[in-house]
Amino acid sequence: MMDKHSIINQLTEMKVVAVIRGQNAEEAAQLSKAAVEGGVRAIELTYTTPRIEEAFKQLEHTDALIGAGSVLDSETARHAILAGAKFIVSPYLVEDVAKLCNRYGIPYMPGCMTLREMATALEAGCDVLKLFPANQFDPSFIKSVTGPLPNVRIMPTGGINLDNMNDWLQAGAVATGIGSDLNKAYKSGGYEAVVELSKQYMQKIAE
């Protein structure tokens, strides 16, 4: 049984979280398995995917860290935790979700865009904040934020790709969320294309 801080440590060591949005649970499971085969060790299964709990079942024996995304209320958060989610992500702060995750020792990463939103999330007990959508910002934004909020740890998501991922990491991001690239690869080249792209992301981190 991993505690909250060991999960956060794993996420920050891994540097990449694959945000998986499938047309159905089977597609989400295939995307996830391909990403894991390519070396990505953290998977965020989003609740925008119909019957996503079936994807959790297919991935329960993988050694990757599986979390849940697009969680908009505490009922969904509880459903995800019972399905095996080790971390919870929302597009914005939901205080009831923060309370539930704190109660069960599960990391909660809400989307934030402003200093006020970040400060509120920190006060709600959130250890890592998702900067979303990151394509609206420059990597230098992290340094601007950590001036007044030195304790903030940021995971940019949305618009992260092979060309800019390391820019964000070098600017101080503790991890990055990738997603649309994997979906495009899957649509154009299927399972093997996702494996190959995931390998490229992991090689990029090692540079």
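Is serine 198 buried or exposed? In this predicted model, serine 198 counts as buried, at 0% relative accessibility, and the first close-up is set around it.

**Close-up A. Serine 198 in helix α9 and its contacts.** The place of serine 198 is in helix α9, where its relative accessibility of 0% puts it among the buried residues. When neighbours within four places in sequence are left aside, the residues in contact with serine 198 are Ala34, Ala35, Gly38, Val40 and Leu182.

**Close-up B. The packing of helix α2 against helix α9.** Helix α2 spans residues 25-37 and helix α9 spans residues 180-206, and their axes come within 6 Å of each other while crossing at roughly 30 degrees. Because angles under 35 degrees count as roughly parallel, α2 is described as roughly parallel to α9. On the side of α2, the contact is made by Glu27, Gln30, Leu31, Lys33, Ala34, Ala35 and Glu37, and on the side of α9 by Leu182, Asn183, Tyr186, Tyr191, Val194, Val195 and Ser198. Sorted by character, the residues of this contact comprise eight nonpolar, three polar and three charged.

**Close-up C. The aromatic pairs.** The count of aromatic pairs in the model comes to two. In one of them, tyrosine 47 and phenylalanine 56 have ring centres 6.4 Å apart and ring planes at 45 degrees, so the pair is tilted. Phenylalanine 56 is a buried residue, its relative accessible area being 4%. An aromatic pair is also formed by phenylalanine 137 and phenylalanine 141, with 4.5 Å from centre to centre and 40 degrees between the planes, and this pair is likewise described as tilted. The two rings of that pair fall on either side of the 20% cut-off below which a residue is called buried: phenylalanine 137, at 22% relative accessibility, counts as partly exposed, whereas phenylalanine 141, with a relative accessible area of 19%, is buried.

**Close-up D. Phenylalanine 132, with a lysine over its ring and a cis bond to proline 133.** Lysine 130 lies over the face of phenylalanine 132, at 4.5 Å from the ring centre. Phenylalanine 132 is also joined to proline 133 by a cis peptide bond, for which omega is about -5 degrees. Proline 133 itself is found in the loop between β6 (129-131) and α7 (141-146).

**Close-up E. Methionine 155 in strand β7.** The view is centred on methionine 155, which has its place in strand β7, residues 154-156, and which counts as buried at 1% relative accessibility. With residues up to four places away in sequence not counted, methionine 155 touches Val17, Met109, Val128, Leu129, Lys130, Leu131, Ala175, Thr176 and Gly177; Lys130 in this list is the lysine that lies over the face of phenylalanine 132. Methionine 155 and lysine 143 are twelve residues apart along the chain, and their C-alpha atoms are separated by 13 Å.

**Close-up F. Two loop residues with positive phi.** Lysine 15, a residue other than glycine, has a positive phi that is near 75 degrees, and it is found in the loop between α1 (4-14) and β1 (16-20). Serine 70, which is not a glycine either, has a positive phi of about 55 degrees, and its place is in the loop between β3 (65-69) and α4 (74-83). In terms of accessibility, lysine 15 counts as partly exposed at 27%, whereas serine 70 is buried, with a relative accessible area of 15%.

**Close-up G. Lysine 4 in helix α1.** Lysine 4 lies in helix α1 and, with a relative accessible area of 16%, is buried. Although 103 residues separate lysine 4 from proline 107 along the chain, the C-alpha atoms of the two are separated by 5.7 Å. Proline 107 is also one of the residues in contact with lysine 4 when neighbours within four places in sequence are left aside, and the full list is Asn102, Gly105, Ile106, Pro107, Gly125 and Asp127.

**Close-up H. Asparagine 166 in helix α8.** Asparagine 166 is found in helix α8, residues 165-170, and is buried, with a relative accessible area of 13%. Apart from neighbours within four places in sequence, asparagine 166 is in contact with Lys204, Ile205 and Glu207.

Methods:
Residues are numbered from 1 along each chain as its sequence is written. This is a predicted model: local features need pLDDT of at least 70, side-chain atom pairs count only at pLDDT 80 or more; totals for chains, interfaces and linings use all residues. Side-chain values use heavy atoms; hydrogens and water are left out. Axes are lines fitted to C-alpha atoms, for helices over the stretch in contact, and angles run from 0 to 180 degrees between N-to-C directions. Helices (H or I, at least four residues) and strands (E, at least two) are DSSP runs, numbered from the N terminus. Angles under 35 degrees count as roughly parallel, over 145 as roughly antiparallel, 65 to 115 as roughly perpendicular and the rest as oblique. Contact means heavy atoms within 4.5 Å. Ala, Val, Leu, Ile, Met, Phe, Trp, Tyr, Cys and Pro count as nonpolar, Asp, Glu, Lys and Arg as charged, and the others, Gly among them, as polar. Rings of Phe, Tyr and Trp (its six-membered ring) pair if their centres lie within 6.5 Å; planes under 30 degrees apart count as stacked, over 60 as edge-to-face and the rest as tilted. Buried means under 20% relative accessible area, exposed over 50%, partly exposed in between (1.4 Å probe, protein chains only). A charge sits over a ring if NZ of Lys or CZ of Arg is within 6 Å of the ring centre and within 35 degrees of the ring normal.
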